[in-house]
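Reader: I would be grateful for a close look at one part of this model, namely the buried arginine in one of its helices and the helix packing around it. Please treat the matter as a single connected account.

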Amino acid sequence: MEQGRAREAYGTAAPATAPAAVRVPEQARGEHTHSEPPAPRPVQRHSVRGQILEALRAALVDGRLVPGQVYSAPALGARFGVSATPVREAMQQLAIEGAVEVVPNRGFRVSERGPRELAELAEVRALIEVPVMLRLARTVPPGTWCSLRPLADATVAAAAVGDRASYAESDRAFHGAVLALCGNEQLVTVADELHRRSQWPLENNPTTCRADLLADAAEHTALLDALIAQDLPVVQSLVREHFAGAEL
């Protein structure tokens with residue numbers, strides 16, 4: 001994805017010098033995030049692990065954590081202004097999710113994956129989400145769909161400024177809100193995990209261009225319009241097309 005100017009690589013192989021600044025989520029920093037954020041303030045001691053985990057997830061999505069690179073917990077901790085312990089705990093959670101691999105005595109290597117894995121994730125997501133969305137299209141009243149308009153608009157806003165991390169978050173929020181209408185919490189949880197994994201960058205070519213984000217966001221808006229209008233043929237077409245290109 002186009003990010004305005006290309007961002008500096010998020011660190012180098014451990015135990016090299018400290019990586020470039022990590023974007024801490026807005027709720028952790030209490031300030032608006034711009035395309036060129038200042039160096040982050042030290043993370044507040046409450047919910048340290050959770051704040052760092054979210055910041056690292058954002059860095060994965062926008063390419064500041066580079067596939068194949070090794071990062072040390074002490075170097076990242078120094079950048080956050082915290083000890084290595086909460087960073088290590090956050091990285092261990094990412095290892096459980098498959099985003100990174102543990103490298104003994106060095107740190108954590110960002111997992112490398114190719115187009116085949118991304119295509120497989122898109123296929124599994126479609127098998128779960130498409131039937132549910134089509135069923136909801138027949139049963140959910142237009143007024144309920146109208147309440148999801150702010151979530152669709154949020155994806156458009158994030159895409160417009162080329163903010164891949166914000167787009168990933170708003171994209172998952174939109175899909176999660178749609179699926180939540182089915183009332184199956186287990187399905188929503190599984191679908192969100194698959195969606196998050198599908199947003200990690202590919203090896204060698206990690207970013208999606210701004211135009212692709214805008215096109216994906218436009219599909220959210222068009223789908224919501226069709227759902228409100230209860231135009232089932234259009235809904236079916238849009239849903240299948242959306243997942244056929246679900247590589248964001």
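Author: Contact is taken here to mean heavy atoms within 4.5 Å of each other. The model is a predicted one, and the residue in question is Arg-196, which lies in helix α9, residues 185-198. Is Arg-196 buried or exposed? Its relative accessibility is 16%, and because buried means under 20%, Arg-196 counts as buried. Once its neighbours within four places in sequence are set aside, Arg-196 is in contact with Arg-57, Glu-97 and Arg-172. Each of these partners leads to a helix that can be examined in turn.

The overall setting may be given briefly. The protein has 11 helices and three strands, and from the N terminus the order of its elements is α-α-β-α-α-β-β-α-α-α-α-α-α-α. It has 248 residues, of which 46% count as buried. Among the contacts with a separation of 6 or more, 73% join residues 24 or more positions apart. The exposed surface is about 11900 Å², and 53% of that area comes from carbon and sulfur atoms.

Two of the partners, Arg-57 and Glu-97, also take part in the packing of α2 with α4. Helix α2 spans residues 48-61 and helix α4 spans residues 84-97; their axes lie 9 Å apart at an angle of about 55°. Angles that fall between the parallel and perpendicular ranges count as oblique, and α2 and α4 are therefore oblique to each other. The crossing of α2 over α4 is right-handed. On the α2 side the contact is made by Val-48, Arg-49, Ile-52, Leu-53, Leu-56, Arg-57 and Leu-60, and on the α4 side by Pro-86, Val-87, Glu-89, Ala-90, Met-91, Gln-93, Leu-94 and Glu-97. By class, these residues divide into 10 nonpolar, one polar and four charged. Arg-57 and Glu-97 thus belong to the contact of α2 with α4, and both also touch Arg-196 of α9.

The third partner, Arg-172, falls within the span of helix α8, residues 164-180. Which helices does α8 pack against? One of them is α5, residues 115-139: the axes of α5 and α8 are 9 Å apart and make an angle of about 55°, and the two helices are therefore oblique to each other. Here the crossing is left-handed. Arg-125, Glu-129, Val-132, Met-133 and Leu-136 of α5 meet His-175, Val-178 and Leu-179 of α8. This contact consists of five nonpolar, one polar and two charged residues.

Helix α10 is another neighbour of α8. The axes of α8 and α10 come within 12 Å and cross at roughly 20°; since angles under 35 degrees count as roughly parallel, α8 and α10 are placed in that class. The passage of α8 across α10 is left-handed. From α8 the contact draws on Arg-164, Tyr-167, Asp-171, Phe-174 and His-175, and from α10 on Leu-213, Asp-216, Ala-217, His-220 and Leu-224. Five nonpolar, two polar and three charged residues make up this contact. His-175 of α8 appears in the contact with α10 and also in the contact with α5.

Helix α5 holds a further buried position. Val-130 is found in α5 and, with a relative accessibility of 7%, counts as buried. Residues up to four places away in sequence being left out, Val-130 does not lack partners: Arg-125, Val-239, Arg-240 and Phe-243 all touch it. Arg-125, as noted, also meets α8. The C-alpha atom of Val-130 is separated by 9.9 Å from that of Leu-179, 49 residues away along the chain.

Finally, the loops that adjoin α10 deserve mention. Pro-201 is found in the loop between α9 and α10, and at 4% relative accessibility it counts as buried. Its C-alpha atom is 9.9 Å from that of Ala-99, although their positions lie 102 residues apart along the chain. Gln-230 is found in the loop between α10 (210-229) and α11 (232-244). Most residues other than glycine have a negative phi. Gln-230, although not a glycine, has a positive phi of about 55°, and with 47% relative accessibility it counts as partly exposed.

Note on methods:
Residues are numbered from 1 along each chain as its sequence is written. This is a predicted model: local features need pLDDT of at least 70, side-chain atom pairs count only at pLDDT 80 or more; totals for chains, interfaces and linings use all residues. Side-chain values use heavy atoms; hydrogens and water are left out. Axes are lines fitted to C-alpha atoms, for helices over the stretch in contact, and angles run from 0 to 180 degrees between N-to-C directions. Helices (H or I, at least four residues) and strands (E, at least two) are DSSP runs, numbered from the N terminus. Angles under 35 degrees count as roughly parallel, over 145 as roughly antiparallel, 65 to 115 as roughly perpendicular and the rest as oblique. A crossing is left-handed if the near helix is turned anticlockwise from the far one by less than a right angle, and right-handed if clockwise. Ala, Val, Leu, Ile, Met, Phe, Trp, Tyr, Cys and Pro count as nonpolar, Asp, Glu, Lys and Arg as charged, and the others, Gly among them, as polar. Buried means under 20% relative accessible area, exposed over 50%, partly exposed in between (1.4 Å probe, protein chains only). Accessible areas come from the Shrake-Rupley method with a 1.4 Å probe; for residues, only the protein chains shown count as cover.
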